[in-house]
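Student: I have a model open on my screen and I'd like to learn how to read its empty spaces and its overall build. Could you walk me through it?

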Amino acid sequence: MSVTTEDKVKRTWGYVAEFDTAASVYEAAKAMKEGGYRRWDVHSPFPIHGMDGAMGLGPSFLSRIVFCGGLAGSLTALLLQFGTQVGLYPTIVQGKPDNLFTIPAFFPVTFELTILFSAFTILFSLLVIIRLPRLHHPLFESKLFTGFSDDKFILSVEARDPKFAREGTREFLQSIGAKQVELVEEEL
Amino acid sequence: MSTPTTVEQDLRGVAREPLVLSGRDYKWITNRICGVVENKQPFVWWLVAVPGALLSLVLLFTLVYLVSTGVGVWGLNQPIAWGWDITNFVFWIGIGHAGTLISAILFLTRQKWRTSVNRAAEAMTLFAVVCAGIYPGFHVGRFWMVWFLAPVPNSNAIWQNFKSPLLWDVFAVSTYFTVSVIFWFIGLIPDLATLRDRCKPGLKKALYGIFSLGWRGGNRQWRHYEMGYLLLAALSTPLVLSVHSVVSFDFATSVVPGWHTTIFPPYFVAGAIFGGFAMVLTLMIPCRAIYGLHDMLTPKHIDNMTKIIVLTGTIVGYAYLMELFIAFYGGNPFEVDAFHMRAVSGPYVWSYWAMMFCNVIAPQAFWIPWCRKNLVVVMCVCMCVNTGMWYERFVIIATTLARDFLPGQWGYYEPTWVEIAMFVGSHGLFLFLFALFIRFLPMIAISEVKGVLPQSDPHHHPAH
C-alpha cells in the first residue's frame with residue numbers, strides 16, 4: 001500500500017519569503033531584527049556585504065579554533081623532528097649538530113605542518129560550526145527556496161522562533177517587502 | 001573661469017571598468033556557467049579530451065615499463081643524475097603556483113577580478129601538481145619503496161633526515177597539494193549547490209547534493225564560510241611562496257657551482273608565478289572563446305594577467321643577469337666557469353639562449369597595450385613563456401650537472417624515448433584532467449562572480 005503525500009503527518013517548519021534584490025533583503029533583515037525574531041536566516045547566492053551587522057551577528061569565532069589547530073601542527077612537527085633527529089636516530093650530517101641547535105633546519109617542515117594542520121582545522125571545524133554535511137533539510141521541500149542558489153534572496157523563519165505566529169509572521173514578512181511567502185512543512 | 005563640471009563628470013575618468021560586461025544579471029551568470037556543464041560538449045572538447053586520455057595511457061605505459069625494467073631506461077647516469085625528470089617536476093610545480101596565487105594573494109589584496117579566473121586556475125594547479133608528483137615519485141627508483149619518504153616507524157629503525165631539503169620538499173609539495181584541494185573544495189561548495197538545485201532528481205542531483213554537503217547559503221553559514229575562506233587565503237599566501245622556495249633549496253643548499261646561490265628562492269617563486277600565469281592564459285583564452293565567456297573573462301582580466309607576466313618576467317630576467325653578475329663579482333673561478341659554459345662555451349648554450357629569448361625578451365611585448373589586447377600575440381607570448389620556463393629548469397638542472405668541478409666528471413645528457421614519452425604523456429594527463437573538470441564542475445566561481453556585480457551591494461539602488 002502506498003502512502004500519498006496527504007496521508008503523512010506534517011509539522012510546520014516555518015516560512016520562506018522571497019526577495020528580488022540584495023538591497024531589499026538587507027532592509028528586511030534589519031526589520032526582522034527590529035521585530036525581535038531570533039531563529040531566522042537569509043539565504044543568498046553569495047555572501048551579502050554587511051549582512052552580519054544587519055542580522056546582529058558578531059564576527060566568526062572560527063579563527064580562534066584555527067589558531068589552536070595551527071599550534072598543534074607546529075608542536076607535532078617539532079616533536080616529530082626533535083624526537084627522531086635528536087632522540088631516536090641522531091645523525092651528524094651536512095655539518096649540522098644533532099641537538100637543540102639544529103632548529104633552523106627544522107623550520108621548513110614546522111612551517112608546512114602548521115599550515116597543513118590549520119587547513120584541516122578550517123575544513124572540519126567549519127563543517128561542524130555550520131552543521132554540514134547533511135543529506136536533507138525541510139527547506140529543500142520548498143518551491144521558493146531553491147531560488148537562493150540562482151538569483152533570489154530567501155528569508156526563512158523557523159516555527160520554533162518564540163515570535164512565530166502562523167498569520168502574524170506571514171503578514172509581517174509581506175509588510176517588510178517579501179514578493180512571495182510560502183509555508184514550509186516537514187514530515188514527521 | 002572655465003565651465004564648472006558636475007561631480008559625475010569629474011568621476012567619469014576614474015571610474016573602474018565593470019568586472020562583468022553587458023550588464024549581465026545573476027540569472028545569466030548561473031545559466032551560462034552551469035550551461036557549460038549541463039549542455040553537450042562542443043566538438044573541440046573531444047579534440048582535447050580524447051588525445052589527452054590516450055596520452056595519459058602512454059604515460060601509464062612508460063611508468064609500467066620504467067618500474068618493470070628499472071630507472072636505467074632513462075638517459076640519466078653520472079654525472080647527470082637529474083635530467084628531464086626533475087626538470088619536468090619543477091616545471092609542473094611552477095605551473096601549479098598561479099592557481100593558489102590568484103586564489104590567495106589576490107584575495108587578500110582585494111583584487112576582485114580574480115573571481116572570474118580563480119576556479120579554473122585552482123583546478124589547473126591541482127592537475128599540475130599531480131603531474132609534478134609523478135616524477136620524483138618514480139625517480140626514487142623503486143617506486144614501491146616510496147613510503148620511505150614518510151616518517152613512519154619501520155623495521156630498520158631508520159628515520160628520515162629532516163635536515164635535508166629533499167625531505168622538506170616532500171612536506172612542502174604534499175602540504176601544498178592538500179591545502180590546494182581543501183581551498184578548491186570549499187570554494188566549490190556553493191556552486192555545487194547551484195548545480196544540485198538545477199538538476200532533475202536522479203543520480204546527478206544526488207552526487208552534486210552529496211558533494212555540496214547540503215549547502216543552504218544561509219548568512220549564518222556564509223559568515224563562518226567567509227572567515228574560513230579568508231583564513232585559508234591567509235595561510236596559502238605564505239604557503240605558495242614557501243613551496244617553490246623549498247624546491248629551490250634542493251639546488252641552492254648544494255655546493256655545485258651554478259646552483260649554490262642565495263638568489264634562488266625569490267627567483268624560483270617569481271619564475272613560478274610567471275610560468276603559472278602564462279599557463280592560465282593558455283587555457284583560459286581558448287575556453288573563453290569556446291564557451292562564450294567574454295562577458296566574465298573580459299579584456300581587463302587578460303590585461304591584468306599579461307601585466308603580471310611582464311612584471312614577473314622582468315624579475316626573472318633580473319635574476320638571470322644578477323646570477324651572471326655575482327658569478328663575475330664573487331670571483332669564484334668555478335662559479336665564473338659554470339656561467340661561462342652555460343652562456344658561451346658549454347654544450348647546452350642553445351638552451352640558455354632559448355630560455356633568455358622566451359622568458360626575458362618575448363614578454364617585453366606586453367609593455368605595449370596593443371600586444372596585451374591582441375589575443376594572438378598574447379597566446380604566442382604565453383606559449384613562449386611555457387617553453388621558456390621548461391628551458392629554465394633544464395638549464396639549471398641538467399646543464400649545470402654536465403659541467404662539474406673536474407673535467408674528468410664532465411658529461412653530456414640526452415633523454416631517451418621513455419623520458420620524452422613521459423613528458424608528452426604528462427601533458428596528456430594534464431589536458432585530460434582539465435577537460436574532465438570543464439565537463440563536470442563549474443569552471444568559473446558562480447557565487448563569487450555574482451558577489452562582485454554592482455547590484456550585489458546591499459546599498460545599491462538602481463537609477464529609476
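Tutor: We'll take the cavities, then chain A.
This is a predicted model, where local features need pLDDT of at least 70 and side-chain atom pairs count only at pLDDT 80 or more, while totals for chains, interfaces and linings use all residues. Residues are numbered from 1 along each chain as its sequence is written, chains are lettered from A in the order in which they are written, and side-chain values use heavy atoms, with hydrogens and water left out.

Student: How many cavities of 30 Å³ or more does a search of the whole structure find?

Tutor: The general idea: rolling a probe the size of a water molecule over the atoms shows where empty space is left. A cavity is a set of points, on a 1 Å grid over the protein atoms alone, where a 1.4 Å probe fits but cannot get out. Points are joined across faces, edges and corners, and the volume is the space filled by probe spheres set on them. Here the search turns up three cavities of 30 Å³ or more, and the largest has a volume of about 100 Å³.

Student: Which residues line the largest cavity?

Tutor: Lining residues have an atom within 4 Å of a point. For the largest cavity they include Pro257(B), Met341(B), Tyr348(B) and Arg403(B). Helices are DSSP runs of H or I, at least four residues, and strands are runs of E, at least two, numbered from the N terminus. Helix 12 (333-345) of chain B gives the most to this lining, with three residues.

Student: And the second largest cavity, what lines that?

Tutor: That cavity has a volume of about 50 Å³, and its lining includes Phe91(B), Asn386(B) and Arg393(B). Helix 4 (84-95), helix 10 (264-291) and helix 15 of chain B each give two or more residues to it.

Student: Now chain A. Which elements does it have?

Tutor: Chain A has five helices and four strands, running β-α-β-α-α-α-β-α-β from the N terminus. The radius of gyration, taken over C-alpha atoms, is compared with a globule rule of 2.2 Å times the number of residues to the power 0.38. Chain A comes out at 26 Å, well over the 16 Å the rule gives for 188 residues, so it is more spread out than a compact globule. Its C-alpha trace spans about 80 × 50 × 30 Å along the principal axes.

Student: What share of chain A is buried?

Tutor: Buried means under 20% relative accessible area (1.4 Å probe, protein chains only). In chain A, 47% of the 188 residues are buried.

Key:
On a 1 Å grid over the protein atoms alone, a cavity is a set of points where a 1.4 Å probe fits but cannot get out, and a pocket is an open set with protein on both sides within 12 Å along at least five of seven lines; lining residues have an atom within 4 Å of a point. Buried means under 20% relative accessible area, exposed over 50%, partly exposed in between (1.4 Å probe, protein chains only).
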